[in-house]
Amino acid sequence: MESRGKKKPRPRRSFTPESKAEIVELCRRGDRSVGRVAKDFDRTEGAVRDRVRQAEVDAGERDGLTSGEREELAAPRRENHRLREDVEILKRATAFFAKKTR
């Protein structure tokens, strides 16, 4: 059964820091609208707006967490997630071997 009107999600893409900086610069200059820049670079408007907003935070023009602060917060969260997965694997292994020895 085929669903109507639903688009397949676009695969996650990665972009160079240079292309991100170019997009921010074009938007900040005011030559083109955010929508026009997004269309020209095949990005979503939301992604371009988020990139411009983050650049303003990094430059100290807007309140919020800088990119460096965001990374500082994300690193321990990633490590915590990995450690929780390791503990879960060890619990399962312990239960498996406990059944075998009985």
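These are my notebook entries on a predicted model, taken one topic at a time.

**Entry 1, nonpolar core.** I looked up which residues form the largest nonpolar core. The set has nine residues: Ile23, Val24, Leu26, Cys27, Val34, Val37, Ala38, Val48 and Val52. I then asked which elements give two or more residues to this core. They are helix 1 (17–29), helix 2 (34–40) and helix 3 (45–58). Helix 1 gives the most, with four residues. I note as background that nonpolar side chains tend to be buried together in soluble globular proteins.

**Entry 2, Leu26.** I picked Leu26 from the core list and looked up its contacts. With residues up to four places away in sequence left out, Leu26 touches Asp31, Arg32, Val37 and Phe41. Of these partners, I find Val37 in the core list as well.

**Entry 3, largest pocket.** I looked up the volume of the largest pocket and found about 530 Å³. Its lining has 20 residues. Which of them lie nearest the centre? I have Phe15, Ala47, Val48, Asp50 and Arg51 down for that. Helix 1 and helix 3 are the elements that give two or more residues to the lining. Helix 3 supplies the largest share, seven residues. I also split the lining by class: eleven residues are charged, six are nonpolar and three are polar. Val48 turns up in both of my lists, as a member of the largest nonpolar core and among the residues nearest the pocket centre.

**Entry 4, Lys20.** I located Lys20 in helix 1. Is Lys20 buried or exposed? Its relative accessible area is 29%, so I list Lys20 as partly exposed. Beyond its neighbours within four places in sequence, Lys20 is in contact with Phe15 and Arg51. I had already noted Phe15 and Arg51 among the residues nearest the centre of the largest pocket. I also checked Lys20 against Asp40, 20 residues apart along the chain, and found 13 Å between their C-alpha atoms.

**Entry 5, Asp42.** I looked up the backbone of Asp42, which is found in the loop between helix 2 and helix 3. Its phi is near 55 degrees, a positive value in a residue other than glycine. Asp42 has 42% relative accessibility and therefore counts as partly exposed.

**Entry 6, aromatic pair.** I asked how many aromatic pairs the structure holds. There is one. The partners are Phe96 and Phe97, with ring centres 5.2 Å apart. Their planes stand at 75 degrees, and edge-to-face needs over 60, so I record the pair as edge-to-face. I then looked up the accessibility of each ring's residue. Phe96 comes out at 44% relative accessibility and counts as partly exposed. Phe97 comes out at 52%, and since exposed means over 50%, Phe97 counts as exposed.

**Entry 7, helix 4.** I checked two residues of helix 4, which covers residues 67–101. Glu79 lies in this helix, and at 36% relative accessibility Glu79 counts as partly exposed. Arg84 lies in helix 4 too, and at 60% Arg84 counts as exposed.

**Entry 8, C-alpha distances from helix 4.** I took one distance for each of these two residues. From Glu79 to Ser33, 46 residues apart along the chain, the C-alpha separation is 40 Å. From Arg84 to Lys6, 78 residues apart along the chain, the C-alpha separation is 35 Å.

Notes. Residues are numbered from 1 along each chain as its sequence is written. This is a predicted model: local features need pLDDT of at least 70, side-chain atom pairs count only at pLDDT 80 or more; totals for chains, interfaces and linings use all residues. Side-chain values use heavy atoms; hydrogens and water are left out. A nonpolar core is a set of buried Ala, Val, Leu, Ile, Met, Phe, Trp, Tyr and Cys residues joined through side-chain atoms within 4.5 Å. Buried means under 20% relative accessible area, exposed over 50%, partly exposed in between (1.4 Å probe, protein chains only). Contact means heavy atoms within 4.5 Å. On a 1 Å grid over the protein atoms alone, a cavity is a set of points where a 1.4 Å probe fits but cannot get out, and a pocket is an open set with protein on both sides within 12 Å along at least five of seven lines; lining residues have an atom within 4 Å of a point. Grid points are joined across faces, edges and corners, and a volume is the space filled by probe spheres set on the points. Ala, Val, Leu, Ile, Met, Phe, Trp, Tyr, Cys and Pro count as nonpolar, Asp, Glu, Lys and Arg as charged, and the others, Gly among them, as polar. Rings of Phe, Tyr and Trp (its six-membered ring) pair if their centres lie within 6.5 Å; planes under 30 degrees apart count as stacked, over 60 as edge-to-face and the rest as tilted.
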